[in-house]
Amino acid sequence: MKAAVWYGKEDIRILDVPEPAVEKDQVKIRVRWCGICGSDLHEYREGPMLIPKKPHPLTGKSAPIILGHEFSGDVVEVGREVKRIAVGERVTINCLLYCGICAYCRRGEYNMCLRLATVGLAWDGAFAETLVVPEYTVLRIPDEVTYEMGAFAEPLAVAVRAVKRSRLKFGDTVGVIGAGPIGLLVLQAAKAAGASKVFALEPVEQRRQLAKQLGASEVFDPTQGDVGKEIADRTEGLRANVAFECVGSQSAFDTALRITGRRAMIVMVGMALKPLEVPFLRLWGHEKEITTCTGYVDEYPTALSLLADRRVKVEPMITAKIKLSEFVGKGIKEMILHPEHHIKILVAP
């Protein structure tokens, strides 16, 4: 079968590889669509980052590895001990693989597993014609959700997790910094959770317009003027109760500080690759909080429900559909060279 295999920095190869065999507790899925994630771009440009340099303690896998974790497909084979999932079902997966025995797993905090692994990074993923995963990871896609929509279940689960971590209350005012894929999903998840106003802050005009289309109360270019004052003027001086930093940069964090009011929560959703400076006195004086968000635990059912009833719309976020043979040239490189033109590129293996 064909697969996109990561060998090293700027070295992803489309190869013929053996089709994976199914073990007793595993499910084989034929992939319909797989989305290119920001982590795939990071692995291409700066990797290995999350791809293990030596055999992973849980999976035993290391490079070369098949990328891909935002996907949907059809079950084509199940192991002899699989009871919950049947051949022919439309599915996606929770991408986290965990040991099930450490203290965090016993508490149900699977994203904190001491031997945590991720499909597409430490286990062969979905930029391939088929992949095999443990049964416990597999989730059925509701009838109302298309295969294209199903490929957004993973990033939407991240967004739902971010909103839960924010402790957002009904009627809160929210600022979302960065209108990329995760920011646009956080925007919609926050509205679904009861935010009264959601302001989107994004320097790229096309993305600001898409944020408005997907429900932002107002959109701002954070590089133009004092956005903190702009939001203060629209909230009786109170500014935002919650800010989601969906970029992972110093400037985005600084913006989150400016647009939030007293006792606000700042959720760091973006993955910062460099240390950030934190002006402690500004936090201390206003009792602001900072929290982080990584992955998901039990957010997938909520994400699939939000897709099914259209409280979260993802079709406008699909900016291209390509073949697996085009993965590097029209996928990875296109998103790196022309990020202003793309939100989500879907790949059909």
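Biologist: Not counting residues up to four places away in sequence, which residues does Tyr7 touch?
Modeller: A word on the model: it is predicted, local features need pLDDT of at least 70, side-chain atom pairs count only at pLDDT 80 or more, and totals for chains, interfaces and linings use all residues. Residues are numbered from 1 along each chain as its sequence is written, and side-chain values use heavy atoms, with hydrogens and water left out. Contact means heavy atoms within 4.5 Å. With residues up to four places away in sequence set aside, Tyr7 touches Arg13, Leu15 and Pro64.

Biologist: What is the relative accessible area of Tyr7?
Modeller: Tyr7 has its place in strand 1; helices (H or I, at least four residues) and strands (E, at least two) are DSSP runs, numbered from the N terminus. Buried means under 20% relative accessible area, exposed over 50%, and partly exposed in between, with a 1.4 Å probe and protein chains only. Tyr7 counts as partly exposed because its relative accessible area is 34%.

Biologist: Pro64 was among the contacts of Tyr7. Which residue is joined to Pro64 by a cis peptide bond?
Modeller: Pro64 sits in the loop between helix 1 and strand 4. Its cis bond has omega near 0°. The residue on the other side of that bond is Ala63.

Biologist: Which other proline in the loop between helix 1 (38–46) and strand 4 (65–66) can you place for me?
Modeller: Look at the peptide bond that starts from Gly47: it is cis, with omega about 0°. The residue it leads to lies in the loop between helix 1 and strand 4, and is Pro48.

Biologist: Is Lys9 buried or exposed?
Modeller: Lys9 is found in the loop between strand 1 (2–8) and strand 2 (11–16). Apart from neighbours within four places in sequence, Lys9 is in contact with Glu43, Tyr44, Arg45 and Gly47. Because the relative accessibility of Lys9 is 53%, it counts as exposed.

Biologist: Let's turn to the rings. What is the angle between the ring planes of Tyr98 and Tyr136?
Modeller: Rings of Phe, Tyr and Trp (its six-membered ring) pair if their centres lie within 6.5 Å; planes under 30 degrees apart count as stacked, over 60 as edge-to-face and the rest as tilted. The structure holds five aromatic pairs. In the pair of Tyr98 and Tyr136 the centres are 4.8 Å apart, and the pair is tilted because the planes meet at 50°.

Biologist: How many residues apart in sequence are the parts that the Tyr98 and Tyr136 pair ties together?
Modeller: Tyr98 lies in the loop between strand 7 (96–97) and helix 2 (103–106), and Tyr136 in the loop between strand 9 (130–134) and strand 10 (138–140). Ring pairs also link both of them with Tyr110 into a cluster. The pair ties together parts whose separation in sequence is 38 residues.

Biologist: Are Phe127 and Phe327 buried or exposed?
Modeller: Their ring centres are 4.4 Å apart with planes at 45°, so this pair is tilted. It links distant parts of the chain, 200 residues apart: Phe127 in the loop between strand 8 (117–118) and strand 9, and Phe327 in helix 11 (residues 327–337). Phe127 and Phe327 are both buried.

Biologist: Which ring has Lys61 over its face?
Modeller: A charge sits over a ring if NZ of Lys or CZ of Arg is within 6 Å of the ring centre and within 35 degrees of the ring normal. Arg32 lies over the face of Tyr147, at 4.1 Å from the ring centre. For Lys61 the distance to the ring centre is 5.9 Å, and the ring belongs to Trp123.

Biologist: Which element gives the most to the lining of the second largest pocket?
Modeller: On a 1 Å grid over the protein atoms alone, a cavity is a set of points where a 1.4 Å probe fits but cannot get out, and a pocket is an open set with protein on both sides within 12 Å along at least five of seven lines; lining residues have an atom within 4 Å of a point. The second largest pocket is lined by 15 residues, with Pro20, Ala21, Lys61, Asp124 and Val132 nearest its centre. Three residues of the lining come from the element that gives the most, strand 9.

Biologist: What is the phi of Arg239?
Modeller: Arg239 lies in the loop between helix 7 (227–233) and strand 14 (240–245). Its relative accessible area is 27%, so Arg239 is partly exposed. Although Arg239 is not a glycine, it has a positive phi of about 65°.
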